[in-house]
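User: I'm new to reading protein models and I'd like to go through one step by step. Can we look at it together?

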Amino acid sequence: MAPLSTRKKAVLAAVIESYIRTGEPVGSKAVVMMLENAVSSATIRNDMAELAMLGYLEQPHTSAGRIPTAKAFRLYIDELMPHRGLETDRRDRIVHRLEQAAGDPERLLSEAAQMLSEATGCAAMTTAPRETANTLRRVELVRMSARTVMVALMTSSGSLRSRLCRVDATVDEERLQVLCTLLTDVFVGRPLSEIHQSELQQLLIALGTEGLLMASLITGFYELVRESAQADVLLAGQLKLLENPDYQWDSARLLLSFLSRQDQLAAMLAAYTGGLHVLLGSESLCPELRGSSVIVTHYSPDGHQRGTIGLIGPVRMDYADTIPQLEFIAGTMERLMAELW
């Protein structure tokens, strides 16, 4: 197929940008105005008819204007879309909001997803940086009161989790330090997936009466390990999809069902490595996403482990505005998480 002429590309870009803005089929008169009367209405009509024959435009109703196809959006994203950075005030707002959550990696992930969803009206998703074997980095036991202890652990992905545990008798600092040292010596540096309940049971038995006293702390430690080992995908704004006029009820229901299956969502995100990926409709190979667009990028706080941030929304999306936001948020998360580590 011969490449499109410069004029046809300009016409196609005008149709796409009008459709993104209004959600309505675009007629030749609107394109003439967008091109500032540089081309006649008759020429525009001929160009639009040819673009339709080539699969870039379609006509939803006999008397209506044209709307762009997924093929048109692909060409727009790859070649025609204007590339512009974020304004300084928007960048400052993003940095300020993420810095408020920078002390806690999970809160940072949640805040990034929430902010992206609010800005775009789409469902946003984030995952923590992960390597093949996410390992235990640190264990802390902090005495909160005579019979209450906080168990806290940090993983190599930067995840920080804690839990308050109640013990049956008063526990002094010396006993807590002994148990903390033991947990550190045995488990720190090991993959979370290889820390098994049977090992903790053996540890309880080996500690004897001390083990009975510390049983709730050891149980709390194991539960935190299990939670940290799960490849959670944090989501925000799923219900916004129900409000989007581009989705019919049946398609929105299928999409929400897909988003609720964390294993499938995590597998899809893991399949795309490096750089920015924009998947339009059937390009994702997921039937539930046939009428949607997926934008995914990554961040790497240490240059090795990768986390993911992305969006799922209608194909009619303002990519020229959304992509710079996504990339800036990913870069800010990378910097803040690297500082925290």
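Analyst: Sure, and let's start with a term we'll need: a salt bridge is a side-chain nitrogen of Lys or Arg within 4 Å of a carboxyl oxygen of Asp or Glu. Keep in mind that this is a predicted model.

User: How many salt bridges does the structure hold?

Analyst: Side chains of opposite charge can pair when their charged atoms come close. Applying the 4 Å cut-off, the count for the structure is 19.

User: Which residue does K8 meet in a salt bridge?

Analyst: K8 lies in helix α1 (residues 6–22), and its partner lies in helix α3 (residues 41–53), so the pair ties together parts that are 39 residues apart in sequence. The N to O distance is 3.5 Å, and a salt bridge needs that distance to be within 4 Å. The partner is D47.

User: Is K8 buried or exposed? And what about D47, buried or exposed?

Analyst: Buried means under 20% relative accessible area. K8 has 11% relative accessibility, so K8 falls under that cut-off and counts as buried. D47 has 2% relative accessibility, so D47 also counts as buried.

User: Which residue forms a salt bridge with E283?

Analyst: E283 is in the loop between β8 (277–280) and β9 (292–299), while the partner is in helix α4, 209 residues apart from E283. E283 itself counts as partly exposed, because its relative accessibility is 34%. The closest N and O atoms of the pair are 2.6 Å apart, and the partner is R74.

User: What is the N to O distance between E111 and R97?

Analyst: These two also link distant parts of the chain: E111 sits in helix α6 (residues 105–120) and R97 in helix α5 (residues 88–100), 14 residues apart. R97 is partly exposed, with a relative accessible area of 25%. Their side chains meet in a salt bridge, with an N to O distance of 2.4 Å.

User: Which residues are joined into one network by salt bridges that share partners?

Analyst: We've already met two of the members, K8 and D47, as a salt-bridge pair. Sharing partners is what joins the network, and its members are R7, K8, D47 and E50.

User: Let's switch to rings. What kind of aromatic pair do F187 and F221 form?

Analyst: A search of the whole structure finds 2 aromatic pairs. For F187 and F221, the ring centres are 5.5 Å apart and the planes are at 40 degrees. Planes under 30 degrees apart count as stacked and over 60 as edge-to-face, so with 40 degrees this pair is tilted.

User: Where does F221 lie in the chain?

Analyst: F187 is in helix α7 (residues 173–187), and the two rings are 34 residues apart. Both F187 and F221 are buried. As for F221, its place is helix α10 (residues 215–229).

User: Which ring does the charged end of K71 sit over?

Analyst: There's another charge over a ring elsewhere: R316 lies over the face of Y19, at 5.8 Å from the ring centre. For K71, the charged end is 4.6 Å from the centre of its ring, and that ring belongs to Y56.

User: Which element gives the most to the lining of the largest pocket?

Analyst: About 410 Å³ of space lies in this pocket. Its lining has 23 residues, with D246, R290, G291, S292 and V315 lying nearest the centre. The elements that give two or more residues are β2 (67–68), α4 (70–80) and α12 (249–260). With 3 residues, the top contributor is α12.

User: How many residues of that lining are nonpolar?

Analyst: The lining also divides into 6 polar and 5 charged residues. The nonpolar count is 12.

User: One last thing: what is phi of N37 near?

Analyst: Most residues other than glycine have a negative phi. In the loop between α2 (28–34) and α3, E36 has a positive phi, near 55 degrees. N37 is found in that loop as well and is exposed, with a relative accessible area of 60%. Phi of N37 is positive too, near 60 degrees.

How values were computed. Residues numbered from 1 in each chain as written. Predicted model: local features only at pLDDT ≥ 70, side-chain atom pairs only at ≥ 80, totals over all residues. Heavy atoms only, no water. Phe/Tyr/Trp six-rings, centres within 6.5 Å; stacked < 30°, edge-to-face > 60°. Helix = DSSP H or I, 4+ residues; strand = E, 2+ residues; numbered from the N terminus. Buried < 20%, exposed > 50% of the residue type's maximum accessible area, 1.4 Å probe, protein only. Lys NZ or Arg CZ within 6 Å of the ring centre and 35° of its normal. 1 Å grid on protein atoms, 1.4 Å probe; cavity = no way out; pocket = protein on both sides within 12 Å on 5 of 7 lines; lining within 4 Å. Points joined across faces, edges and corners; volume = space filled by probe spheres on them. Nonpolar A, V, L, I, M, F, W, Y, C, P; charged D, E, K, R; others polar.
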